[in-house]
Amino acid sequence: MSVDSNKLVNERFLRSNKYSPEWVVASASGGANSLWLAEWLTTAMDLRPGMRVLDLGCGRASSSIFLHREFGVEVWATDLWFSASENIRRIRDANVERYVFPIQASARSLPFAVEFFDAILSIDSFVYYGTDDLYLSYLARFLRPGGYLGIAGAGLMREFDGPVPEHLREWWTSDLCCLHSADWWSRHWGRSGAVDVELADSMPDGWNYGLTGTTSSPLKIESKLRPFRRTEESTWAMSARLHAVETT
Ligand SMILES: C[S@@+](CC[C@H](N)C(=O)[O-])C[C@H]1O[C@@H](n2cnc3c(N)ncnc32)[C@H](O)[C@@H]1O
C-alpha cells in the first residue's frame, strides 16, 4: 500500500498524528478519516478514563481503538456491516482487547442494557439510521442520565429546498438527501425532548479533510477517496459536529 503520509499528518489533529498513516488508511471504512473526526468531536466532550463508550457505526473500529488509547475509556465498538470477528483482529493487533469490545449489531436493535453508557459517539455513520424522528429517543435510553451523545460526519453547510443547487448537481444522488446541516440536526434533536443540545457546528473548511493521500490500496479504498470539494463554493462540509447531554 502506498500512502502519502504528509497528507495524513496535520497540525490541527495532534492526537491523530501519532497513528501510522498506513494503519489509518487500512482501517478506514469510508471516505472519511475517522480519527480526525473523532479528535474533532471529542474536543467538545469530557471523556474520562474508565467511562463506558458506545462507538456506534464504528466500521473497522479504528475510532474505537483511538478513543481507548487517547482517553482511557472502555469502548463497545458496534457496527452492522463489519463483523465482530474481523474487528477483534484489529483490536488484538492494537493490544487493546481488554478495553475495546467488538459487537455486530444494528443501531436499531442494540443489545445493551438501559443507561449503560456514559457516552455515545457516532463517526460518519449516524445519517444511515439517525434521521428517523423516533430514533434519538430510542438511542438515548442507553445513556446514563446526563451522559454525552456526539456525532460527526459529512453534512451540508446549509439546507436547501427545491432543486439541488447548481454547484452540488454534478455529483448529487438521491440517497444524499440524508445529509443535513448542523442547524437541522440541532432542531431535530432539540425537538425530540430526549437531549439538551449543547453544541452544533460545522468545520468551515471541512471539505479539506477527507481521507486524501492514498495512492493505492489493496482494499480499493482509493475509489472512495474523492475529496468532498467539488467547487470552491460547495456547501459541503466534511463534518457536522453535534454534542448533546441526555436530559436528566
Ligand atoms: C461510512 S462508514 C463509517 C465507519 C466508521 N465510523 C468510520 O468513520 O470509518 C458507515 C458505517 O455505518 C454503519 N452502519 C450503517 N447502518 C448501520 C446500522 N443500522 N447499525 C449500525 N451500523 C450501521 C456501517 O456498517 C458502516 O460501517
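**Helix packing and an aromatic cluster**

Helix α2 (residues 34-42) packs against helix α3 (residues 62-71) at an angle of about 45°, and their axes are 9 Å apart. The axes here are lines fitted to C-alpha atoms, for helices over the stretch in contact, and angles run from 0 to 180 degrees between N-to-C directions. Helices (H or I, at least four residues) and strands (E, at least two) are DSSP runs, numbered from the N terminus. The model is a predicted one, where local features need pLDDT of at least 70, side-chain atom pairs count only at pLDDT 80 or more, and totals for chains, interfaces and linings use all residues. Residues are numbered from 1 along each chain as its sequence is written, and side-chain values use heavy atoms, with hydrogens and water left out.

With that angle, α2 and α3 are oblique to each other (under 35 degrees is roughly parallel, over 145 roughly antiparallel, 65 to 115 roughly perpendicular, and the rest oblique). On the α2 side, the contact (heavy atoms within 4.5 Å) is made by Ser34, Leu35, Ala38, Glu39 and Thr42, and on the α3 side by Ser62, Ser63, Phe66, Leu67 and Phe71. Sorted by type, these residues come out as five nonpolar, four polar and one charged (Ala, Val, Leu, Ile, Met, Phe, Trp, Tyr, Cys and Pro count as nonpolar, Asp, Glu, Lys and Arg as charged, and the others, Gly among them, as polar).

As for α3 itself, nine of its ten residues are buried, meaning under 20% relative accessible area (exposed is over 50%, partly exposed in between; 1.4 Å probe, protein chains only). Among them are Ile65, His68 and Glu70. Right after α3 comes Gly72, with a positive phi near 70°.

Turning to the aromatics, the structure holds 17 aromatic pairs. Rings of Phe, Tyr and Trp (its six-membered ring) pair if their centres lie within 6.5 Å; planes under 30 degrees apart count as stacked, over 60 as edge-to-face and the rest as tilted. Trp184 and Trp185 have ring centres 5.0 Å apart and planes at 90°, so this pair is edge-to-face. Both Trp184 and Trp185 are buried. They also belong to a cluster linked by ring pairs, along with Phe126, Tyr129, Tyr135, Tyr138, Phe142 and Trp189.

Ala140 sits in helix α5 (residues 135-140) and is buried, at 4% relative accessible area. Its C-alpha lies 6.5 Å from that of Ala194, although the two are 54 residues apart in sequence. Overall, the chain has seven helices and nine strands, and 54% of its 248 residues count as buried.
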